[in-house]
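Visitor: Hey, can you walk me through this one? Put it up and I'll fire off questions.

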Amino acid sequence: GMTNLPPITSPSDLTVLVDDLPLSIRGIAPPLRADEQRLMIIVPRLSTRPQDTDGETQVDLRTTFNKYSGGFSNAYSFDSIVDFSYMSDPAASIARFQTGGSALTLRLNVASNMAGTTGGVFPCGDFFDAPSASLLGRGPLCFWSAPDALEALLGPGALLVPGDRVALLPYLLRSENGVSDYAPSVSSIVTAPVAADPPVFSIVAPAVVGECDVAAVRAAHAYARPLSFQWSCVDCGTGDDASSLATLLSYEGGEEITLRPEDMPRPDYTYTFQAVATDFLGGVSAPVEFSVARTRQPVPLITVSAGTDEADRSQEVYVAADVAFSACGGGEDEAVFRWEQTGPADPAPAQRVPAAALASVGPVVVIPGNSLVAGDYELTLITTLPSLTPPQLLRTPARFSVRPSALEARIAGGSRVVGAQQDLVLDASGSRDPDDPAAVLRYDWTCQLDGSLPCIDLATRLVLELPNQAVRTVPAGALAPGRYSFALTLSVGSRASMAHAAIDLVQWYAPPVSAAVLGEVVHGGVSYVNVREGVPLVVEAPAVDGAEYAWGSGDPSLGAYVAGQSLRRLLVDASALTVGRSYVLTLSMTVPAAQGQVCEGGACVGGASLQVTVNRPPFGGDCSVSPLSGRELVDPFTVSCSGWADDQPPILYKFGARMGGQDVLFGRTLEARQALHLAMGSEDLIVCAQDAVGGVSFLRGFADIEITNATLDASFVSERALAMSRLSQFSEFSNFAFAVGSKLDNDEAAAAGGGDNGNGGGGRRAASGEVLGSLIESLEAMMAKSPPTRESALASLGTLSTLTKATNPRAASLKSASLLATLSGKVAGAALPAGEANTVLGTAQSVLVALSKAGYNSRSEELSTIASLSSAVVTAMADVARSLRQDGDPAVLCGGAANCSTA
């Protein structure tokens, strides 16, 4: 850095200081050019110097020429200063639980090499040492959300609590730029979440219990980590019985308790209890009281739950009852259900549950999104049992809350490049209030130049004015070229949400560019995508004649997948994306300059960027089953799950098994438990958990069960189906019917192979027809009693596909076609997802095949009926095909080429 100096003949001619500490010059090196002189200086390792908080220490190397020349007293005092930095080994800044305690973030003081990974999800044992990994539960998963942040998704049975120390494997991390050494140790004490609210839960318990029955009481909550509970009596009567019950409860600390008849011996008395929860962070809940009345009558055991304590206003609310007949017997003949809103006490019009929802005469109420304003609600299921003496009327309440949804602020086009001599359009008209599409929104705009300076309008020389409008146009020439940041604050009352757009104003003409992610789901103002193995993320730009496209990303993990793609449709392999991480994708579009357009080099270049977050599906859950062995069709297997967590609640569950060579799932419930009816060969159980933006996780192989053979008895099937029909249990009925179909298939296969599988060959054809006929009659009766909802219609459509497999299908297929025409109308809508369309089309295909078989050797009057029903089925299929949501490849959308042909 010093020039025009006399020759340096000795190291003493120079003084070298590093941050004011003198260093010695090792020697004078031969010059590479005539006008330079080279010195060798070794700066020692800064091992004793404290590092900056970002893991980087900047050093000033000052060299001073201090040689006197020609006897003059004045010295050459030329200084040269060189700045360089030392990179420290990565160290932990903090390890903190995320809200809810289901995940941990370990943040580093410097961007790291991410242990040599470029993205993806890995077992946490790849990063954490053995003692730390043992605290993270079974099968914890880890990923890098940023080069300085490692995320750990805790598995079932996690033991980690605040105050524990976690450590990474030694010599795993170095600085991202590769300058630092590998860190011999990275560890940190775990801290609690920034905001830790006390736990909230609800009690699911029968309101009335007969003298033969056991009351199962459960504390329902949405936390991944289990809560500990303190159960106690508020009013358990008097005397020794009350003391015994209080003592019994004092020993209970889990989430479930059972109250036996001998625990509550006083007849016709209402017992009142209290539960208090404590979470693993030490937070204590408010006490929750509940009552259980003991009666002499053999009343059904009824529990009602909304599945979640709090739901966004824009989300549907499912209130479902679980009904089981008394072990005392009686009351099975008929159970009449009716729903009533019992809270708030005097509801305003906007607080009233829609009459159509309350009109349900089954055990499930579905309240559409945006039906209720924010607040606390209570629904009560009123069950009438006219066959008991005297007739009984049971009231079972369920409570839930509705909260406002987050506003969705959006700026069309996002961040982009615009010519300074073009109008800049800021369009936020796509913003919305999910709770009220007609809400009057307030739009507040701000603008900054280079991140901090005010935006100056060149015409007025004043700060640019951006009035409260959804669409604001900044005239051409109003702003000088530069990088501008526009922020939108969208508000309704006290609710607010923000959106940002970075606009690069350039001197030349920039063609307008935009890009959109196919299949994105906007939730809470954030754009999410769900990825699954083998299916790429698709980002698409509009087609422009003569345009050349170039995609990019500032994220190194996407570089290999994005760079070089020059089509208007960008495909990103799912393996390159990490769940829970946000990515910024950029698009540059080049078009030939048109007449009147001034562009650099004769080609006009426009650009845009968008941010998308890869949704993290439900995680951390575990499931169990009871019993582990039982008879097919006769003994239900109850699957119970716990520990599931998700960033986008609520979580909906489906339960099923692999039957007949395919995965079959039943129900769609907020309750993390389900009783399944299974046939032999269905030992591989499956649980599907889905969050509010469509993220799906599957769990299978979590238990080894044994199913033993049972003789198929038509009267048993009819009796069990009739009981489900009386209780309007569509999902349970669908499961039972499918298991019966699997049993029939197994028996037929066994007979073909020379065995009888418990059902003799003689009469099997008649038995199959009788069994399937009784199931169809039960489904008809259930639909007559309780008109199907969209959910129950989907379950029933799956049932129809099974029922049309009868050996003598004429009666079954005729009734199935009639039911299909009715049910499909409940499913088809303006935006039918691919999975639902697949259910309808696949079932319709089975029904049409069955109808064609039924047409052979039929009487003329039957042929007319068959033709009419076939026409109705085809019409229903056409309605479904028209309502398909076009959000992906048609083959994926239809669920396979066969169903596309059917559509």
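Visitor: Let's start with L633: buried or exposed?

Guide: L633 is buried, because its relative accessibility is 4% and the cut-off for buried is under 20%. Keep in mind that this is a predicted model.

Visitor: Where does L633 sit?

Guide: In the loop between β46 and β47, the latter being residues 637–642.

Visitor: And what's up with its phi?

Guide: Phi of L633 is positive, about 70°, although the residue is not a glycine.

Visitor: Which other non-glycine residue has a positive phi?

Guide: R461 is one of them, with phi near 60°. You'll find R461 in the loop between β32 (456–457) and β33 (462–463).

Visitor: R461, then: buried or exposed?

Guide: Exposed, because R461 has 63% relative accessibility and anything over 50% counts as exposed. L633, as I said, is buried at 4%.

Visitor: Switching to peptide bonds. Where would I look for a cis one?

Guide: Try S626 and P627, which are joined by a cis peptide bond with omega at about -5°. P627 belongs to the loop between β45 (622–626) and β46 (629–631). Another cis bond links G343 to P344, and omega there is about 0°. P344 is in a loop too, the one running between β24 (336–343) and α3 (355–358).

Visitor: Let's zoom out. How many helices and strands are there?

Guide: The protein has 13 helices and 53 strands.

Visitor: What share of the residues is buried?

Guide: 44% of the 903 residues count as buried. The protein exposes about 41,600 Å², and 52% of that comes from carbon and sulfur atoms.

Visitor: How much of the contact list is long-range, say 24 or more positions apart?

Guide: Taking contacts with a separation of 6 or more, 66% are between residues 24 or more positions apart.

Visitor: Got a residue I can click on for that? What does A306 touch?

Guide: Leaving out residues up to four places away in sequence, A306 touches Y318, V319, A398, R399, F400 and L670. A306 itself lies in the loop between β21 (301–305) and β22 (310–312). It counts as buried, because its relative accessibility is 4%.

Visitor: How far is the C-alpha of A306 from that of A220?

Guide: 9.9 Å, and the two residues are 86 apart along the chain.

Visitor: What about a strand residue, like T383? Which strand is it in?

Guide: T383 is part of β26, residues 375–385. Its relative accessible area is 1%, so T383 is buried. With residues up to four places away set aside, T383 touches I302, A335, V336, F337, Q392, L393 and L394.

Visitor: OK, helices now. How do α5 and α6 pack?

Guide: Helix α5 covers residues 714–726 and helix α6 covers 730–752; they pack at about 165°, with axes 9 Å apart. The two are therefore roughly antiparallel, because that label applies to angles over 145 degrees.

Visitor: Left-handed or right-handed crossing?

Guide: The crossing of α5 and α6 is left-handed.

Visitor: Which residues make the contact?

Guide: From α5 it's F716, V717, R720, A721 and M724, and from α6 it's E732, F733, F736 and V740.

Visitor: How do those divide into nonpolar, polar and charged?

Guide: The contact of α5 with α6 has 7 nonpolar residues, 2 charged ones and no polar ones.

Key:
Residues numbered from 1 in each chain as written. Predicted model: local features only at pLDDT ≥ 70, side-chain atom pairs only at ≥ 80, totals over all residues. Heavy atoms only, no water. Axes fitted to C-alpha atoms, helices over the stretch in contact; angles between N-to-C directions. Helix = DSSP H or I, 4+ residues; strand = E, 2+ residues; numbered from the N terminus. Parallel < 35°, antiparallel > 145°, perpendicular 65-115°, else oblique. Left-handed = near helix turned anticlockwise from the far one by under 90°. Contact = heavy atoms within 4.5 Å. Nonpolar A, V, L, I, M, F, W, Y, C, P; charged D, E, K, R; others polar. Buried < 20%, exposed > 50% of the residue type's maximum accessible area, 1.4 Å probe, protein only. Areas by Shrake-Rupley, 256 points an atom, 1.4 Å probe, with all protein chains shown as cover.
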